[in-house]
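Trainee: I would like a close look at a single part of this protein chain. Please take one residue and place it in its surroundings.

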Amino acid sequence: MAFAHSEPPTARATPATGAAPTTGAAPAADAPPAFTALKILIAGGFGVGKTTLVGAVSEIRPLTTEEDLTEVSRPVDDLSGVETKTTTTVAMDFGRISLRDDLALYLFGTPGQHRFWFAWDELATGALGAVVLADTRRLTDCFPAVDFFEDRGIPFLVAVNCFDGVASHRPESISGALDLGPDTPVVLCDARDRESCKQVLVALVEHVVAGELAVAATAGG
Ligand SMILES: Nc1nc2c(ncn2[C@@H]2O[C@H](COP(=O)(O)OP(=O)(O)O)[C@@H](O)[C@H]2O)c(=O)[nH]1
Ligand SMILES: [Mg+2]
């Protein structure tokens with residue numbers, strides 16, 4: 001899938017591999033630091049709040065590919081719980097958070113509907129990790145995303161978007177209902193709230209780091 005974004009002229013985007021950029025020769029002492037982009041996927045079922053989350057937390061106006069829902073899509077796209085939803089993401093959402101001059105998180109919201117699943121493998125290439133958004137009114141909608149990341153060994157957490165009027169569930173019971181491994185975090189969030197979404201991303205990065213440290217410890221001894 002073709003994907004374009006603009007970078008500041010001094011920034012040199014490396015492939016979003018989730019790892020530090022590798023170069024053959026040592027950079028000149030006065031060279032600007034290489035730019036690293038860490039790619040995070042925001043996945044989950046239709047209408048769970050992916051576009052909302054990317055828009056809430058991105059520092060740039062998110063690139064989205066929303067289209068009006070049509071009568072034709074009505075039998076296909078299940079609107080129960082989000083009856084006021086009038087648009088759908090047809091390719092992906094994209095947002096960015098700069099952590100330092102030379103380090104940014106790129107957020108890719110995956111399209112929720114099954115008919116767009118062909119795009120997932122490409123979006124997942126080089127991802128640091130993923131947030132699987134869940135709505136407890138339609139918890140099973142996030143099963144495919146959970147399976148996708150488990151199958152590919154991509155670290156992920158489940159973030160429950162606490163829609164208004166929905167009694168909060170305990171993370172442990174959601175973990176049990178989704179049959180998650182004991183190490184997979186479950187956090188609660190409000191996809192409309194920037195601070196809440198930032199906490200989700202922090203939790204994901206901590207989870208990724210903990211996994212890397214565990215692998216390193218196993219390899220070391
Ligand atoms: N009340 C409430 N509405 C939300 C929340 N998150 C998303 N929405 C609304 O739910 C609908 C679906 O959200 P959207 O981000 O488009 O879902 P997506 O299909 O996963 O991208 C939209 O109308 C949002 O405004 C939330 O936490 N509370
Ligand atoms: Mg969307």
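In which helix does E195 lie?

Mentor: E195 lies in helix 5, which covers residues 194–220. Keep in mind that the model is predicted. E195 is exposed, because just 10 other C-beta atoms are found within 10 Å, and a residue counts as exposed at 12 or fewer. Along the chain, E195 and V57 are 138 residues apart. In space, however, 7.7 Å separates the C-alpha atoms of E195 and V57.

That pair can be set beside a figure for the whole chain. Among contacts in the protein chain with a separation of 6 or more, 67% join residues 24 or more positions apart.

Now for the elements around this part. The protein chain has five helices and eight strands. Read from the N terminus, their order is β-α-β-β-β-β-α-β-α-β-α-β-α. The order therefore ends with a strand followed by a helix. The strand in question is strand 8, residues 186–189, and the loop between helix 4 (171–177) and strand 8 contains D179.

D179 deserves a short remark. Its phi is near 55°, a positive value in a residue other than glycine. Most residues other than glycine have a negative phi. D179 counts as exposed because it has 10 C-beta neighbours inside 10 Å. For the protein chain as a whole, 31% of the 221 residues count as buried. Neither E195 nor D179 belongs to that group, since each of them is exposed.

Key
Residues numbered from 1 in each chain as written. Chains lettered and ligands numbered in written order. Predicted model: local features only at pLDDT ≥ 70, side-chain atom pairs only at ≥ 80, totals over all residues. Helix = DSSP H or I, 4+ residues; strand = E, 2+ residues; numbered from the N terminus. Buried ≥ 20, exposed ≤ 12 C-beta atoms within 10 Å, placed from the backbone. Contact = placed C-beta atoms within 7 Å.
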